[in-house]
Amino acid sequence: MVFEPPKRLVRALRETAPEGDDWLERLPEAAREAVARCELTVERVQVPGGRSSLVVLVRTADGTPAVLKLAPPRARPGSERAALAHWGGLGAVRLLEPAPGAAEGVLLLERLHPDVSVRSLPEAKALLEAAGTLRRLWVDPPEGHGFETVAERTGRQARAMRASAVADPEVAPLVEAALTAREELLAAPPEQRLLHGTFRQSKVLSGERMPWLAVGPDPVVGEHAFDLARLVRDRVEDLIAQASGATTTRRRVKRLAESLEIDRERLRGWTLFRAVESGVRARRVGRERDAELLLEFASWL
């Protein structure tokens, strides 16, 4: 079978690929090797798929439906493997090949319903189900873990944000507000839990053993509010289109904070930081429409 990467994946990876990175060129052969090694039967490549990995619907040697996922090193597939193994299927997709000897960047996962995410539900119900799924993932990290911390991840992001603000003074006020919020939030984090790291409605898929399960973590260790912040801006394009978008956003912060017993101001602060970081990054790679939406959203917080 020809493993042609979906256009969405190609476009996203080329936006961020370091010079000399040939992972996309090597991907078809890597996929064929993984299929042969795991003795899989290929059904199809998932399209449009994600922005950081190739997802292939397969069946194992005994006919069990599964998903083969291949991700480049910069997507931190080793961290994803470790987090999924630690969760053990509680709230998240189950890892079918947890052995340390598995090929780097290759994960074999239980098959969920790839075309049915919690985003398909009405907005209020979707937020409720997504928040409930997220709560199950918030556990103590394993002893001696090697996961990145929120302070480390946002530190890298903060350096890039400062550089962008110098090159683009228009975003400087929002960047300054976001960086100030980050410094205040990191001064006294209330807890250190294993977090999904990139949680949103499209990362919660329908399953057989549980109604909804999370997929695609980029795990990080830190406080709950950091994880929940990405969910606040879900369906941002719909929020921007509403005359009452700013009011709806502030109400969403309040509702999510109360439902998961999180300090509202901490959630607001991390939502601001993450929205500005995403908006500045989108502008840096030429996704002007995304940048405009995210930065306007951030200005409401």
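**Exercise 1. Find the bridge partner of Ser 206 in strand 8.**

Solution. Ser 206 is bridged to Trp 212 of strand 8. Step back to the strands: strand 7 (residues 204-206) and strand 8 run antiparallel and are joined by three bridges. Pairing here requires at least two DSSP bridges between two strands. Strands are DSSP runs of E, at least two residues; helices are runs of H or I, at least four residues; both are numbered from the N terminus.

The model is predicted: local features need pLDDT of at least 70, side-chain atom pairs count only at pLDDT 80 or more, and totals for chains, interfaces and linings use all residues. Numbering starts from 1 along each chain as its sequence is written, and side-chain values use heavy atoms, without hydrogens and water.

**Exercise 2. State the strand order of the open sheet, then explain why one side of strand 5 is left without a neighbour.**

Solution. The order is 5-7-8, with antiparallel pairing. Strand 5 (113-117) and strand 8 (212-214) are at the edges; each has a single partner strand, so one side of each lacks a neighbour in the sheet. From one strand to the next, the twist averages 55 degrees. Angles run from 0 to 180 degrees between N-to-C directions, with axes fitted to C-alpha atoms, for helices over the stretch in contact.

**Exercise 3. Describe how helix 7 meets helix 10.**

Solution. Start with the axes: helix 7 (residues 224-232) and helix 10 (residues 264-284) come within 8 Å and cross at roughly 65 degrees. Next, list contact residues (heavy atoms within 4.5 Å). Helix 7 contributes Phe 226 and Leu 228, among others; helix 10 contributes residues including Trp 270 and Arg 274.
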